[in-house]
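Let's take a walk through this protein together, starting from one residue and working outwards. Have the structure open as you read.

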Amino acid sequence: MKSDKISEAVVRRLPVYLRYLQELYKREVTTVSSQELGLKLDLNPAQIRKDLAYFGDFGRKGIGYDVAYLIDKIRQILKIDQVINVALVGAGNLGQALSNYNRYVKDNMKIVAVFDSYDKKIGTMINTLTVQPMEELQNTVKERNIRIGIITVPDFEAQRVADCMVEAGIEAILNFAPIIIKAPPHIRIHTADFTTDLLSLAYYLESEEGKEETEDDKS
Ligand SMILES: NC(=O)c1ccc[n+]([C@@H]2O[C@H](COP(=O)([O-])OP(=O)(O)OC[C@H]3O[C@@H](n4cnc5c(N)ncnc54)[C@H](O)[C@@H]3O)[C@@H](O)[C@H]2O)c1
């Protein structure tokens, strides 16, 4: 397996493949071709074949890929063949929504601890988790072998929280605050930026004038 050489773009596509393959598995579909995957996922079949070739040559010409085998392989590459514990910091609107949304549990990713600095939040329950004070972050990360942190605090607090996570031994961070977080090079940071996505989407809207013209054309 050439997993060391997998590019970031491929790593980002693997969960997309995995999600669809799991859907096929549920429907008891046993094999799938790169054409079918491409059509369904709106990706080039050649690209898919190239991506999957990273894990060895196991697609069979004319038959396609074994769905169950591919699921196992992708889970192995993504390292979700083992349980990965996640901590979330910031039990506000977004933090509560994410903690309640547990579809990633089936992929072995689990938010096992939630932290906040506001005393009125501490001790409250989100689903089955009790919101813990920040002072407990370090110990909980060690005790529960937490490897990923999610940041859902206001932007002006996010760097401080990231520093605490790094100090506690967290290896990767998913940051929802709209700032660029700095961390040592061995810490992987992904930013989920809802607002920039929304703003860039506006560019693709038809201009109001263009819209009027099209409507006039119709009449
Ligand atoms: N990326 C996205 O899609 C998206 C969408 C909405 C909001 N956001 C961002 O997510 C963040 C949270 O938004 P929200 O609407 O849930 O805010 P919120 O005010 O409802 O919640 C923030 C929580 O963080 C806690 N907090 C503040 N400082 C802290 C600290 N130093 N340590 C621990 N906890 C701390 C607060 O007590 C509060 O409970 C913001 O940065 C916001 O801009 C991102």
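Isoleucine 151 is a good place to begin: leaving out residues up to four places away in sequence, it touches Val89, Gly90, Ala158, Val161, Ala162, Ile173, Asn175, Phe176 and Ala177. Touching, or being in contact, means that two C-beta atoms, placed from the backbone, lie within 7 Å. Keep in mind that this is a predicted model, where local features need pLDDT of at least 70 and side-chain atom pairs count only at 80 or more, while totals for chains, interfaces and linings use all residues. Residues are numbered from 1 along each chain as its sequence is written.

Now zoom out a little. Ile151, along with Ala87 and Leu88, touches the most other members of the largest nonpolar core, which has 26 residues. Such a core is a set of buried Ala, Val, Leu, Ile, Met, Phe, Trp, Tyr and Cys residues joined through C-beta atoms within 7 Å; buried means that 20 or more other C-beta atoms lie within 10 Å of a residue's own, with C-beta atoms placed from the backbone. A second, separate core has 11 residues, among them Leu14, Leu21, Leu70 and Ile74.

That brings us to helix α1, residues 8–26 (helices are DSSP runs of H or I, at least four residues, numbered from the N terminus). In α1, Leu14, Tyr17 and Leu21 are buried, and what covers the buried residues of this helix includes α2 (34–41) and α4 (67–77). After α1 comes glutamate 28, with a positive phi near 65°.

Finally, the domain assignment, which is automatic or from a database, gives domain 1 (3–77) and domain 2 (84–194). Their centres, taken over C-alpha atoms, are 30 Å apart.

Technical notes. Helix = DSSP H or I, 4+ residues; strand = E, 2+ residues; numbered from the N terminus. Expected span 1.5 Å × (residues − 1). Buried ≥ 20, exposed ≤ 12 C-beta atoms within 10 Å, placed from the backbone.
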